[in-house]
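Reader: Hi! I'm new to reading protein structures, and I'd love a close look at one part of this one. Could you take me through the sheet and what packs around it?

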Amino acid sequence: MTATRPSLGSYAPDFELPGVDGQVHHLRRYLEQTRAVVVVFICNHCPFVRASLERIKRLQADYQDQGVVVVGINPNDAEAFPEDSFDKMKVFAQEQGLTLPYLRDVTQDVARSFSAQKTPEAFVIDSEGILRYHGRLLNDLQDTDPTVTLQLRQALDQVLAGAAVTASVEEAVGCSIKWRTY
């Protein structure tokens, strides 16, 4: 069971998660130091994530000098999907050249609080902690059009300009999050 998705314009759920860099990462600290945070739920094994990695890295590179941090969070159940374990995340980050914070949501509480459903799925949070956008990173597995992240980029540009976000929200396309069964 997932929680009700936080609505656009509401406060984003806070988090405190371990990263593959050995540090603990807090949304609140990012909000104090940046102009916007992009949270992208990703994992190691999903072909949709693998197809969008270059877009995610390009997004980080294009916006980091503007005060934006892109954070990847892996919420998948590592017991059912061992390739998504924390140790494998470290290997994946190194092999893929990820320099963005890649965090482990072992309890799945953060994914549930965002009501994330897919990997990859993106959320844009402004410096006040307000959720301004959520949506997709690609249209389908064969999508080679780099402009698909246009809505996400438009939302970021509007947040950075202090304007209302008018970017259309498109439902995420990807693999379902692998929820732990109790």
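Author: Happy to help; here is a walk through the sheet, the helices against it and one residue beside it. Keep in mind that this is a predicted model.

Let's start with the sheet itself. Five strands make up an open sheet in the order 5-4-3-7-8, and their pairing is mixed. At the edges stand strand 5 (102–104) and strand 8, each with a single partner strand, so one side of each has no neighbour in the sheet. From one strand to the next, the twist averages 20 degrees.

Now look at strand 3 and strand 7: they run antiparallel and are joined by six bridges. You can find F41 there, with E121 in strand 7 as its bridge partner.

Next come the helices. Helix 2 lies across strand 3 and strand 4, and runs at about 155 degrees to strand 4. Helix 3 (residues 86–96) also packs on the sheet, where it touches strand 4 and strand 5, and its direction makes about 175 degrees with that of strand 5.

Helix 5 (residues 150–160) has several buried residues, among them L152, A155, L156 and V159. The buried residues of this helix pack against strands 3, 4, 7 and 8, as well as helix 2. After helix 5 comes G162, with a positive phi near 75 degrees.

Finally, zoom in on T119, which lies in strand 6 (residues 118–119). Is T119 buried or exposed? It counts as buried because its relative accessible area is 0%, and buried means under 20%. Beyond its close neighbours in sequence, T119 is in contact with residues including F41, C43, F48, V173 and I177. So F41 turns up twice on our tour: as the bridge partner of E121 and as a contact of T119.

Conventions
Residues are numbered from 1 along each chain as its sequence is written. This is a predicted model: local features need pLDDT of at least 70, side-chain atom pairs count only at pLDDT 80 or more; totals for chains, interfaces and linings use all residues. Side-chain values use heavy atoms; hydrogens and water are left out. Helices (H or I, at least four residues) and strands (E, at least two) are DSSP runs, numbered from the N terminus. Buried means under 20% relative accessible area, exposed over 50%, partly exposed in between (1.4 Å probe, protein chains only). Contact means heavy atoms within 4.5 Å. Two strands pair if DSSP finds at least two bridges between them. Axes are lines fitted to C-alpha atoms, for helices over the stretch in contact, and angles run from 0 to 180 degrees between N-to-C directions. Lists of a residue's contacts leave out its neighbours within four places in sequence.
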